[in-house]
Amino acid sequence: MTLRLRQIGDPILTQVAEPVSHFRDPDLHRLIESMLSTLKDSNGVGLAAPQVGSLLQVLIVASRPNPRYPDAPQMQPLVMINPQLLAASSEQVLGWEGCLSVPDRRGLVARSREVEVEYYTPQGSRQRVVWQDFPARIFQHEYDHLIGRVFLQRHP
Ligand SMILES: O=C(O)C[C@@H](Cc1ccccc1)[C@H](O)SCc1ccccc1
Ligand SMILES: [Zn+2]
């Protein structure tokens with residue numbers, strides 16, 4: 001089932017998400033399934049659990065070529081649990097972003113060009129990945145959602 005997408009103004013979007021502690025919890029797998037279908041229905045390239053009302057450290061990165069990033073790689077949606085940003089390049093790139101929680105807003109956001117991330121799969125196995133460009137941008141956008149930071153919003 002697709003879940004309601006929380007919009008800016010919903011306090012959940014400014015809170016910090018908790019780490020997942022039991023990987024065998026059926027609720028976790030139901031959440032992941034719902035996030036995958038919500039992502040598909042919203043035509044998104046990424047989604048974080050707080051956007052569907054769950055303060056858990058779960059995010060999905062699903063890059064695909066699109067009008068703004070025509071040479072973005074086509075990816076199978078990657079579900080990342082308890083992601084950790086191990087390294088982020090000092091080299092930054094400005095790029096357009098939108099947010100499913102902030103309708104009708106597009107903004108130029110500076111992001112690190114390259115990131116190294118450690119995360120767990122839904123099966124609980126620890127992985128590492130290095131991304132550049134659009135996948136790196138999506139990850140940083142979703143990772144911000146896990147620490148209560150919404151793009152274009154700067155907290156006073
Ligand atoms: O709100 C979200 O997290 C989904 C965002 C993800 C995003 C990350 C980086 C750059 C742009 C967006 C999008 O709104 S999903 C819609 C979308 C699809 C393709 C290109 C840009 C935006
Ligand atoms: Zn967003």
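In the predicted model, the zinc ion (ligand 2) has as its protein donors the SG atom of Cys99, the NE2 atom of His141 and the NE2 atom of His145, which lie 2.1 to 2.2 Å from the metal. Along the chain, these donors of the zinc ion follow the spacing C-x41-H-x3-H. Cys99 is placed in the loop between strand 4 (92-97) and strand 5 (107-112), whereas His141 belongs to helix 2, so the pair ties together parts of the chain that are 42 residues apart in sequence.

Two of the zinc donors, Cys99 and His141, also appear in the surroundings of ligand 1, where 17 residues are found and where Gln51, Cys99, Leu100, His141 and Glu142 come nearest. The largest contribution to this shell is made by helix 2 (residues 133-146), which gives 6 residues. By residue class, the shell around ligand 1 divides into 5 nonpolar, 8 polar and 4 charged residues.

Polar contacts to ligand 1 involve both side-chain and backbone atoms of the protein. An N or O atom in the side chain of Gln51 is 2.9 Å from an oxygen atom of ligand 1, while at Leu100 a backbone N or O atom lies 2.7 Å from an oxygen atom of the ligand. At Cys99, a polar backbone atom is 3.5 Å from an oxygen atom of ligand 1, and the SG atom of this residue serves as a donor of the zinc ion. Taken alone, ligand 1 exposes 490 Å², of which the protein buries 92%. The space that ligand 1 takes is the largest pocket.

Notes
Residues numbered from 1 in each chain as written. Chains lettered and ligands numbered in written order. Predicted model: local features only at pLDDT ≥ 70, side-chain atom pairs only at ≥ 80, totals over all residues. Heavy atoms only, no water. Near = heavy atom within 4 Å. Polar contact = N/O pair within 3.5 Å; in protein donor to acceptor, adjacent residues only side chain to side chain. Areas by Shrake-Rupley, 256 points an atom, 1.4 Å probe, with all protein chains shown as cover. 1 Å grid on protein atoms, 1.4 Å probe; cavity = no way out; pocket = protein on both sides within 12 Å on 5 of 7 lines; lining within 4 Å. Sits in = over half its atoms within 2 Å of the grid points. Helix = DSSP H or I, 4+ residues; strand = E, 2+ residues; numbered from the N terminus. Nonpolar A, V, L, I, M, F, W, Y, C, P; charged D, E, K, R; others polar. Donors = N, O, S within 2.8 Å, 3.2 Å for Na, K, Ca; no water.
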